[in-house]
Amino acid sequence: MKRFNFYLSLMLLLVTATACNDEFDDPTLVTPVAKHTPNMTLADFKAAYWQDDVNYIDTIKDDVVIHGWVTSTDISGNIYKSLYICDGTAGLSISINANNLCNKYRIGQEIVLPMKGWFIGKYNGQQQLGYPAWYDKGRTWEATFLPQYMWESFVELNGLPDPSRPEVQPIEVTVAELNQTATRATLLKYQGRLVRINGVEFVDAGEVPYSESDATTNRYIKDSAGKQLTLRNSNYADFRTIILPTGKVDVIGQLSSYSNKNTWQLFLRTIDDVIPAE
């Protein structure tokens with residue numbers, strides 16, 4: 001009996017000690033602070049390094065520091081190796097050779113980028129931060145995925161994610177606006193921006209899923225006048241098998257353009273970006 005009481009007392013002591021250690025070992029939330037201070041807006045940055053070519057790459061030689069809040073997430077699998085940011089003046093696409101970016105770069109997270117020595121260019125018409133690659137067929141340089149270790153060597157987090165920030169909210173556009181001939185001004189304004197398009201319908205609603213199983217698939221939304229916009233859906237998206245909804249909806253997505261024809265493409269972040277219209 002004495003031995004039983006001894007072991008019981010020892011077990012209680014260990015449990016108490018473990019509980020105390022767990023209490024002391026709770027991690028303290030650390031708020032990151034960027035080392036650099038932004039000195040150029042995204043709108044000015046994009047315009048300063050813009051080229052009309054479909055593909056190009058340029059090295060930033062000046063002490064330019066930009067920033068923005070993350071508007072995208074790859075959590076559903078529909079956005080692939082890309083991060084989108086906005087500072088309220090413009091949106092910008094960043095091409096990174098990494099998956100699960102949503103784990104570290106959540107919606108509303110501010111990031112600061114000292115750009116001297118890094119690259120901006122285009123890939124098939126889309127201006128983006130990336131890495132130089134030779135496009136043999138076009139006999140030109142273009143922007144491809146920035147290696148993950150390079151990206152992490154210069155990106156700085158600032159503060160904690162705040163998805164309620166105004167810079168993270170979508171701007172409203174119409175299909176008609178995007179159906180007009182794209183100009184330099186409209187490309188700079190809308191490329192990489194999170195947008196909301198209200199009161200549209202899906203072409204083939206109720207008949208086909210968001211994507212076919214073997215390839216990324218183009219689906220289309222249309223306004224009341226019948227004008228259409230491409231919705232680009234990955235066959236790896238977790239909502240791939242869902243049938244296109246019927247009726248009017250509001251659609252939120254990351255806007256990009258493709259090719260020398262500047263065809264607009266919209267990428268859903270998650271299925272929650274398709275909202276029944278009121």
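Which element gives the largest share of the lining of the second largest pocket? Select E15 in this predicted model: E15 supplies three residues, the largest share of that lining.

**Second largest pocket**

Keep E15 selected and add helix H4 (175-179) and E17; each of these elements supplies at least two residues of the lining of the second largest pocket. To show the whole lining, select Leu178, Asn179, Gln180, Thr181, Ala182, Gln228, Leu229, Thr230, Lys261, Asn262, Thr263 and Trp264. By class, this lining has four nonpolar, seven polar and one charged residues. The volume enclosed is about 180 Å³.

**Largest pocket**

Next, go to the largest pocket, with a volume of about 860 Å³. Select Tyr80, Ser82, Tyr123, Phe145 and Phe267, which are the closest to its centre of the 30 residues in the lining. Then colour the strands that give two or more residues to this lining: E3 (82-86), E4 (91-97), E7 (126-129), E9 (140-144), E15 (228-233), E16 (249-258) and E17 (263-267). The largest share, three residues, comes from E16. The lining of the largest pocket has nine nonpolar, 18 polar and three charged residues.

**Gln191**

Move to the loop between helix H5 (184-190) and strand E13 (194-202), and select Gln191 there. Gln191 counts as buried because its relative accessible area is 1%, under the 20% cut-off. Its side chain reaches the backbone nitrogen of Gln127 at 3.2 Å. Leaving aside residues up to four places away in sequence, Gln191 touches Lys46, Trp50, Gly91, Gly125, Gln126, Gln127, Thr186, Leu255, Ser257 and Trp264.

**The cavity**

How many cavities of 30 Å³ or more does a search of the whole structure find? The search finds one, and its volume is about 40 Å³. Select Ile94, Met115, Trp118, Phe119, Leu129, Gly130, Leu146 and Phe154 to see the residues that line this cavity. Seven of the lining residues are nonpolar, one is polar and none is charged.

**Pro132**

From the cavity, keep Phe119 in view and select Pro132, in strand E8 (residues 131-135). Phe119 is among the residues that Pro132 touches, along with Ile57, Trp141, Glu142 and Thr144, not counting residues up to four places away in sequence. Pro132 is partly exposed, because its relative accessibility is 21% and the class begins at 20%. To finish, draw a C-alpha to C-alpha distance from Pro132 to Lys122: the two are 10 residues apart in sequence and 9.8 Å apart in space.

Notes:
Residues are numbered from 1 along each chain as its sequence is written. This is a predicted model: local features need pLDDT of at least 70, side-chain atom pairs count only at pLDDT 80 or more; totals for chains, interfaces and linings use all residues. Side-chain values use heavy atoms; hydrogens and water are left out. On a 1 Å grid over the protein atoms alone, a cavity is a set of points where a 1.4 Å probe fits but cannot get out, and a pocket is an open set with protein on both sides within 12 Å along at least five of seven lines; lining residues have an atom within 4 Å of a point. Grid points are joined across faces, edges and corners, and a volume is the space filled by probe spheres set on the points. Ala, Val, Leu, Ile, Met, Phe, Trp, Tyr, Cys and Pro count as nonpolar, Asp, Glu, Lys and Arg as charged, and the others, Gly among them, as polar. Helices (H or I, at least four residues) and strands (E, at least two) are DSSP runs, numbered from the N terminus. Buried means under 20% relative accessible area, exposed over 50%, partly exposed in between (1.4 Å probe, protein chains only). A polar contact is a pair of N or O atoms within 3.5 Å; within protein, one must be able to donate a hydrogen and the other to accept it, and residues adjacent in sequence count only if both atoms are side-chain atoms. Contact means heavy atoms within 4.5 Å.
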